[in-house]
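Work through these exercises with the sequence and the 3D view side by side. Try each task before you read its solution.

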Amino acid sequence: MSYTPPDRAPFAAHENKSLGRVHSEESPAYRGEFQRDRDRIVHSTGFRRLVYKTQVFVNHEGDLYRTRLTHSIEVAQIARTVAGALGLNESLVEAISLAHDLGHTPFGHAGQDSLNACMREYGGFEHNLQSLRVVDHLEAKYAEFPGLNLTYETREGILKHCSARNARELGEIGARFLQRQQPGLEAQVANIADAIAYNNHDVDDGIRAGLLTVESLREQTLFEMQFADVRQRYPDIEDRRLVYEIIRRMINRVVTDLIDNTRQKLDEVRPASIDEVRSHSSGIVAFSEQVHDEHVSLKGYLMKNLYKHEKVREMTDKAKIMVETLFQTYMNEPGQMPDEFSTSAGRVDETGQARVVADYVAGMPDRFAIAEFERLQ
Ligand code: MG
């Protein structure tokens, strides 16, 4: 018996044409190669940590807000729908989506900015690159190789962006940033699904937290169009259902537009293989111009009114202090870290030690980071 992949479009990623794994392994009997990647990600320690990592709201502020884990699952759900409609590889988009935030620090973007500032003299810290580092090096589960030994295609999708300097150090997986090539369509889908997921769930979380109002959101075309539709159909609808009915319609509008517009572009470009997708002059998966503008406008609105809201900033200011304190303390006293990290830190120079500390701090779920901060005071 062996696994037979379903029929997919010629421009999709095909399991039997995968560029493979760094350490070669026998193919699984009943799963495709990308399914195996997805399964390894779900079983990883980094994936379980996502449940206690902040998306926008700190995990202990309320039980109903998105965490990195629920965000990643929403990304995967949207990405699978788009991939299915376009004849792409659903297992691959799912693997990329579930892994895309594995490198995120505790406390959301505040944690990442703060850790990046701490690492300025040591090569910097970037969560996207860290996600790749988690699956390539930091997961320690298998006897025969470090990391999860994922396929090239999954790793290509995880590494969304990368500086030229880092790209040179990464070798093969970084080459496309130097050659200005595109990633495969599954990677492009997962990337946009990420933005669709957060744009929409942050509206929901922002309203729930009382930081955004339906009235101010009505200035956004994407929101107002659906608001008018729901109000007309259900004039007496209660507030929570109103918001939910608007959000599901907003997701539907942008996802449908993404599929329709991308289909059209695929018809024009007609890539015969994933390699032709990679060497195309630009990305193929995209919204129509109008929906793109609506999407970007909502993103800008959230930046101004939610991510930079005074209440969110109070939390992010505290997060910065915690991350800086943890970093400095472990730099001065590596013995405060668990043995595996302090031993590694003892074997390398100062820059190497900083990277070990960054790996340790980045892996911390929010509440563990808070507990460590309090312990080290
Ligand atoms: Mg994300």
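## Exercise 1: two unusual backbone angles

Asn149 is buried, because its relative accessible area is 6% (buried means under 20% relative accessible area, exposed over 50%, partly exposed in between, with a 1.4 Å probe and protein chains only). The model is predicted: local features need pLDDT of at least 70, side-chain atom pairs count only at pLDDT 80 or more, and totals for chains, interfaces and linings use all residues. Residues are numbered from 1 along each chain as its sequence is written, and side-chain values use heavy atoms, with hydrogens and water left out.

Task: Where is Asn149 found, and is Arg180 buried or exposed?

Solution.
- Step 1. Find Asn149 in the loop between helix H6 (127–138) and helix H7 (152–158). Helices are DSSP runs of H or I with at least four residues, numbered from the N terminus.
- Step 2. Read its backbone angle: phi of Asn149 is near 50°, a positive value in a residue other than glycine.
- Step 3. Recall the background: most residues other than glycine have a negative phi.
- Step 4. Go to Arg180, in the loop between helix H9 (175–179) and helix H10 (185–208). Arg180 is not a glycine, yet has a positive phi of about 55°.
- Step 5. Arg180 has a relative accessible area of 73%, so it is exposed.

## Exercise 2: the magnesium ion

Task: Which protein atoms are the donors of the magnesium ion?

Solution.
- Step 1. Apply the rule: donors are N, O and S atoms within 2.8 Å of the metal (3.2 Å for Na, K and Ca), and sites may look incomplete since water is not among the atoms.
- Step 2. List the protein donors: His71 (NE2), His100 (NE2), Asp101 (OD) and Asp194 (OD). They lie 2.1 to 2.6 Å from the ion.
- Step 3. Write the spacing of the donors along the chain: H-x28-H-D-x92-D.
- Step 4. Check burial: His100 and Asp101 are both buried.

## Exercise 3: helix H16 and Val323

Task: Which helices do the buried residues of H16 pack against?

Solution.
- Step 1. Locate H16 at residues 310–332, with 23 residues. From first C-alpha to last it reaches 33 Å, close to the 33 Å expected at 1.5 Å a residue. The expected span is 1.5 Å times one less than the number of residues.
- Step 2. Pick out buried residues of H16, including Val312, Met315, Ala319, Met322 and Val323.
- Step 3. Use the helix rule: an α-helix has 3.6 residues a turn, so residues three or four places apart point the same way.
- Step 4. Name the partners: helix H5 (108–118), helix H15 (289–307), helix H18 (350–363) and helix H19 (366–376).
- Step 5. Zoom in on Val323, which has a relative accessible area of 1% and is therefore buried.
- Step 6. Leave aside neighbours within four places in sequence: Val323 is in contact with Phe107, Gly111, Ser114, Leu115 and Val361. Contact means heavy atoms within 4.5 Å.
- Step 7. Compare positions: Val323 and Phe107 are 216 residues apart along the chain, and their C-alpha atoms are separated by 8.9 Å.

## Exercise 4: helix crossings

Task: At roughly what angle do the axes of H4 and H10 cross?

Solution.
- Step 1. Fit the axes: they are lines through C-alpha atoms, for helices over the stretch in contact, and angles run from 0 to 180 degrees between N-to-C directions.
- Step 2. The axes of helix H4 (residues 90–99) and H10 come within 9 Å and cross at roughly 45°. So H4 is oblique to H10. Angles under 35 degrees count as roughly parallel, over 145 as roughly antiparallel, 65 to 115 as roughly perpendicular and the rest as oblique.
- Step 3. Find the contact: Leu92, Val93, Ile96 and Ser97 of H4 with Glu186, Ala187, Val189 and Ala190 of H10.
- Step 4. Now take helix H12 (residues 221–233) and H15: their axes come within 8 Å and cross at roughly 105°. H12 and H15 are therefore roughly perpendicular to each other.
- Step 5. Here Thr221, Leu222 and Met225 in H12 meet Glu294, His295 and Leu298 in H15.

## Exercise 5: an enclosed helix

Task: How many of the 10 residues of helix H1 (residues 33–42) are buried?

Solution.
- Step 1. Eight are buried, so H1 is largely enclosed by the rest of the structure.
- Step 2. Among them are Phe34, Arg36, Asp37 and Ile41.
- Step 3. Their cover includes helix H2 (45–49), helix H3 (68–86), H4 and H7.

How values were computed:
Helix = DSSP H or I, 4+ residues; strand = E, 2+ residues; numbered from the N terminus.
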